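Visitor: Before the model is discussed, I should like to see it. Please then explain the terms as they arise.

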Amino acid sequence: MKGGKKIVCFLFLLFGMGFNLPFFCEEDIYTKLREKMVRHQLLSRDITDEMVLEVMRDVPRHLFVDKRYWNQAYEDYPLPIDEGQTISQPYIVALMTQHLALKKGEKVLEIGTGSGYQAAILSCITENVYSVEIREKLAKKAAETLKKLNFNQVKVKWKDGYFGWEEYAPFDAIIVTCAANHVPPPLISQLKEGGRLIIPLGSTLYFQTLTLITKKEGKLNVKHILGVRFVPMVGKAEEKRGK
Ligand code: SAH
């Protein structure tokens, strides 16, 4: 930051958080907060994938949440979005992305678009991102946010993600960002040979285990990663729970 800009930013900080900061100050402040988040929450844990670290440094997470949460956007916890849903803690977003081991050009499906933040992260690694959201309001808002921020590669659809997105299947990777007590069978069949699927599996009311499933020679390899807490998958998954 140039000297003059630094002084202006400093004065704005000094004279109160009640004012809106000029755009160039905001940009500098959030860039620094992201850098700090990467150092303290990702590098200090087990995020080692250079590409994941780079995109976590680049994508403006604060612009995916309500303005009143901007000052918390880079903290080590989830944040509320509309309709009682949440955007995952930055570490969990990075961890899930790292386990997907995405390569440029691969096709990835996300179930649970929410704010669109995770989809934006994925779209910096590969241009083929498909994301499904069951809540109409969230699907519309996320599509708008992604467009406004120039993440034009992401395709968002309002529908029950239990059934995947047949039209674009098969996928190299599938990421489910809501909790289910079983893996929806359509997601397994829409996963390519050699494909990776990550999902929080377990009790949808309490805790789940982040689970990585890899399809090899038609068989499923299952690896348990970490205890997590996600909002439940609703729709068909819920109906099946009731039975
Ligand atoms: N990945 C999001 C956060 C996801 S929160 C982000 O980066 O912001 C979980 C989301 O899953 C919620 O938006 C919820 O509405 C959605 N969801 C729940 N059940 C679903 C289903 N059956 N199909 C698609 N989306 C679902």
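Guide: The side chain of Gln208 reaches the backbone oxygen of Tyr206 at 3.2 Å. The model is a predicted one, in which local features need pLDDT of at least 70, side-chain atom pairs count only at pLDDT 80 or more, and totals for chains, interfaces and linings use all residues. Residues are numbered from 1 along each chain as its sequence is written, and side-chain values use heavy atoms, with hydrogens and water left out.

Visitor: What makes the pair formed by the side chain of Gln208 and the backbone oxygen of Tyr206 a polar contact?

Guide: A polar contact is a pair of N or O atoms within 3.5 Å; within protein, one must be able to donate a hydrogen and the other to accept it, and residues adjacent in sequence count only if both atoms are side-chain atoms. The distance from the Gln208 side chain to the Tyr206 oxygen is 3.2 Å, so the pair is within the limit of 3.5 Å.

Visitor: Why is Gln208 called buried?

Guide: Buried means under 20% relative accessible area, exposed over 50%, and partly exposed in between (1.4 Å probe, protein chains only). Gln208 has a relative accessible area of 3%, and is therefore buried. Gln208 belongs to strand S8, residues 208–216; helices (H or I, at least four residues) and strands (E, at least two) are DSSP runs, numbered from the N terminus.

Visitor: Which residues are in contact with Gln208, leaving aside its neighbours within four places in sequence?

Guide: With those neighbours left aside, the contacts of Gln208 include Ala179, Pro200, Leu226 and Phe230. Contact means heavy atoms within 4.5 Å.

Visitor: How do you know that Leu102 is buried or exposed?

Guide: Leu102 has 12% relative accessibility and therefore counts as buried. Leu102 is in the loop between H4 and S3, and its C-alpha is 7.0 Å from that of Ile125, although the two are 23 residues apart in sequence. In helix H4 (residues 90–100), 11 of its 11 residues are buried.

Visitor: What makes Asn150 and Glu217 notable in phi?

Guide: Most residues other than glycine have a negative phi, and most peptide bonds are trans. Asn150 has a positive phi near 70 degrees, and Glu217 one of about 50 degrees. Asn150 lies in the loop between helix H6 (136–148) and S5, and Glu217 in the loop between S8 and strand S9 (219–228).

Visitor: Why is Asn150 counted as buried or exposed, and why is Glu217?

Guide: Asn150 has 55% relative accessibility and so counts as exposed. Glu217, at 74%, therefore counts as exposed.

Visitor: Which residues does the cis peptide bond join?

Guide: The cis bond joins Ala169 and Pro170, with omega about 5 degrees. Pro170 lies in the loop between strand S5 (154–158) and strand S6 (171–176).

Visitor: What lies 2.6 Å from an oxygen atom of the ligand?

Guide: That is a polar side-chain atom of Glu133. A polar side-chain atom of Asp160 lies 2.8 Å from a nitrogen atom of the ligand, and a polar backbone atom of Gly161 is 2.7 Å from a ligand nitrogen.

Visitor: How much of the ligand does the protein bury?

Guide: The ligand taken alone exposes 580 Å², of which the protein buries 99%; accessible areas come from the Shrake-Rupley method with a 1.4 Å probe, and for residues only the protein chains shown count as cover.
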